[in-house]
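Visitor: I am new to this structure and would be grateful for a close look at a single part of it. Please begin with one residue and then place it in its wider setting.

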Amino acid sequence: TPSVKYNMEDEGTSNPRNRPNIVLILADDLGFSDVGCFGSEIETPNIDSLAEDGGMRFTQMYNCARCCPSRASLLTGVYPHQAGIGHMVYDAGVGPGYGLSAHQSFALQGYLRQDVETIAEMLKKEYPRATEAQEDARNGGGSEKGGGYATFMVGKWHVGGEYPPDASHESIQNTMGDELHPTPTQRGFGEFYGTLGGGGSYYQPPSLVRDEKVVTETPDEFYYTDAINDEACEVIERMQGDQRPFFLYVSHCAPHWPLHAPSDEIEKYRGRYRCGWDNIRKERHEKLIQQGLIPPSWQCSPRDEHSRPWDDTPDKDWEDARMATYAAQINILDAGVGRILETLRRTGTYDNTLIFFLSDNGGCAEVTHLQYLKENGDEGNWPEFYGGLTRKGEQIKVGNLRDLTPGDEDTFMSYDLPWANASNAPFRLFKSFVHEGGISTPFVVHWPAGARIKQGDRRVCHSPWVMMDIVATCCDVANVPIPANLEGESFLPILFGSEHTRRSRPIFWEHQGNKAVRDGPWKLVCQRRDGEGSTCQQRGNNDGDAQVWELYNIDNDRTELSDVSSQNPARVQSMIISWKEWATRVGVKRWPLNPIPEGEKDWSNVPWLW
């Protein structure tokens, strides 16, 4: 069922015919409670300000569990598998949604499919003034023409095929833009500055390009997070006097590993984390309750089984340094958001700019051990990809090495599972999993001139939505027809004060064999574990080699501590059928995508061993 156009005039917006600018800010691997307005001790005053007058927090906004599937869904308004990125951006060779060999006839997978529009492509097209009959058919939306947006992207693309982190500038230049590697400027963005691939150094990010040309040199003071935010500010400045509204996608790499930040920024947080991850989880849980974002009845999930008590942890000072560096990365991102907000104010566009802030997945438990399994199943190691030279010719030391302090360009570390467990407090599990810790994002919407947001509870939305709904909402405010094939639904009525708007359809997930469906207050979820079969079954009806479907009433237990599947067998079966029908419709493949060699593990779901 396609989304329905919402009538802004009926809701009395300050200027319903004046299409707003749209700024979409995406963080990378940021946990649910990693910003101040969602319970964190990390200072994020600028992001927090978006939740104040003219803003609203959504406590149950979901992502798609991992960087590139989330970005694919966010850009297209459909599920990742439908967009062509059901797992990662490499060629898995198993069928639509996961990547196909180039010689196959339906090869537009493993990167954004060309037959699925991006939000940039939707918004940049101009639509004529609607006739009265057309307005009646879509429930209004004003008589101004729709679309016609200037479109810009800065930051991490990661939906256009694979770019190895150690690829040469020449290789990237020769690869980008071909059939298997579409670029932002080929998919609706008028201008692009950023990286085409995934994570990497903040001082010399791999696959950095401007439009269609590789950037081969960066200045001594270069830091990627600052460069992204500064470029965003320049875009806003250049749009002064332009009669077109603009859509600006600010796609960050922070705070994704590696732990890179200037020493003075890290120093602000040194000592703060000597209290340990157990206390940080407790503090964040209590603050979320105080902020009215979760009810007191939701207990904080226990420390993850693969973590350890802080009191038993060696090298507490080094652990403090790791989390302090992670906090500094977020602090720097927030300062850049502040510069974006100030530029909007200075150019007179702040009030009528619709701003979204969210994260692509939960906190990341990946460890950066020296040895690990590549995501495509081949043996490899971190130094092979990331152990090159700094800009000064020094060797980069890859791994969580306790005799090194994180932050500098010649290090390459992660903050590890126990701190990721704190990032996702009060929830369970991490990035790549579909329990709440992997798919819950802090989400803030800000639009002073358009949204009718009042004091009190209406500044917080507690109903479930998913990031692809942002596409439908953007179409709604831009007076653009919402495509019939869109899976996303508009939550614009909520911004206008509606207390009754709910998503009409369930939300589904699948990533690396981890599966879930959210339908109203109910969530059915299955975690794939190494060595187990890939067919989830109901608890109490297992064959010894199957996984377990767990059922939770999220209204009562969003931290997923009380599995009620045995008390609700009919509901479990009904939701399993619903999930299977969805999986067939969008093209989910059985996991693992390729056979695991005898004697090997399925490394995909044990990131703490990487």
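Is Ile 470 buried or exposed, and what is its relative accessible area?

Guide: The model shown here is predicted, and the description that follows should be read in that light. Ile 470 has a relative accessible area of 1%. Because buried means under 20% relative accessible area, Ile 470 counts as buried.

This residue belongs to helix α14, which covers residues 469-477. Once its neighbours within four places in sequence are set aside, Ile 470 is in contact with Leu 24, Leu 74, Phe 356, Leu 358, Phe 443 and Phe 491. Ile 119 may also be located from here: 351 residues separate Ile 470 and Ile 119 in sequence, while their C-alpha atoms are 9.4 Å apart in space. In soluble globular proteins, nonpolar side chains tend to be buried together.

The nonpolar cores of the model come next. The largest nonpolar core contains 79 residues. Within this core, the residues with the most contacts are Phe 246, Leu 248, Val 250, Phe 357 and Trp 419. Helix α10, residues 316-346, supplies the largest share of this core, with 13 residues. Apart from this core lies another, of 65 residues, including Val 445, Met 467, Val 471 and Cys 474.

Trp 419 has its own set of partners. Leaving out neighbours within four places in sequence, Trp 419 is in contact with Tyr 273, Gly 276, Trp 277, Ile 280, Trp 310, Glu 319 and Met 323.

Strands may be considered next. In strand β5, residues 150-156, 7 of the 7 residues are buried. Strand β5 runs parallel to strand β9 (residues 246-251), and 6 bridges join the two. Here Gly 155 stands opposite Ser 251 of β9. Strand β5 also pairs with strand β6 (residues 191-195), again in the parallel sense, over 5 bridges. Phe 152 has Glu 191 as its bridge partner in β6.

A loop residue completes the account. Arg 428 is found in the loop between α12 (416-423) and α13 (436-439). Its side chain makes a polar contact of 3.1 Å with the side chain of Tyr 552. A polar atom of the Arg 428 side chain also lies 2.8 Å from the backbone oxygen of Glu 560. Residues up to four places away in sequence not being counted, Arg 428 touches a set of residues that includes Ser 301, His 435, Glu 436, Glu 550, Thr 559 and Leu 561.

Terms used
Residues are numbered from 1 along each chain as its sequence is written. This is a predicted model: local features need pLDDT of at least 70, side-chain atom pairs count only at pLDDT 80 or more; totals for chains, interfaces and linings use all residues. Side-chain values use heavy atoms; hydrogens and water are left out. Helices (H or I, at least four residues) and strands (E, at least two) are DSSP runs, numbered from the N terminus. A polar contact is a pair of N or O atoms within 3.5 Å; within protein, one must be able to donate a hydrogen and the other to accept it, and residues adjacent in sequence count only if both atoms are side-chain atoms. Contact means heavy atoms within 4.5 Å. A nonpolar core is a set of buried Ala, Val, Leu, Ile, Met, Phe, Trp, Tyr and Cys residues joined through side-chain atoms within 4.5 Å. Buried means under 20% relative accessible area, exposed over 50%, partly exposed in between (1.4 Å probe, protein chains only). Two strands pair if DSSP finds at least two bridges between them.
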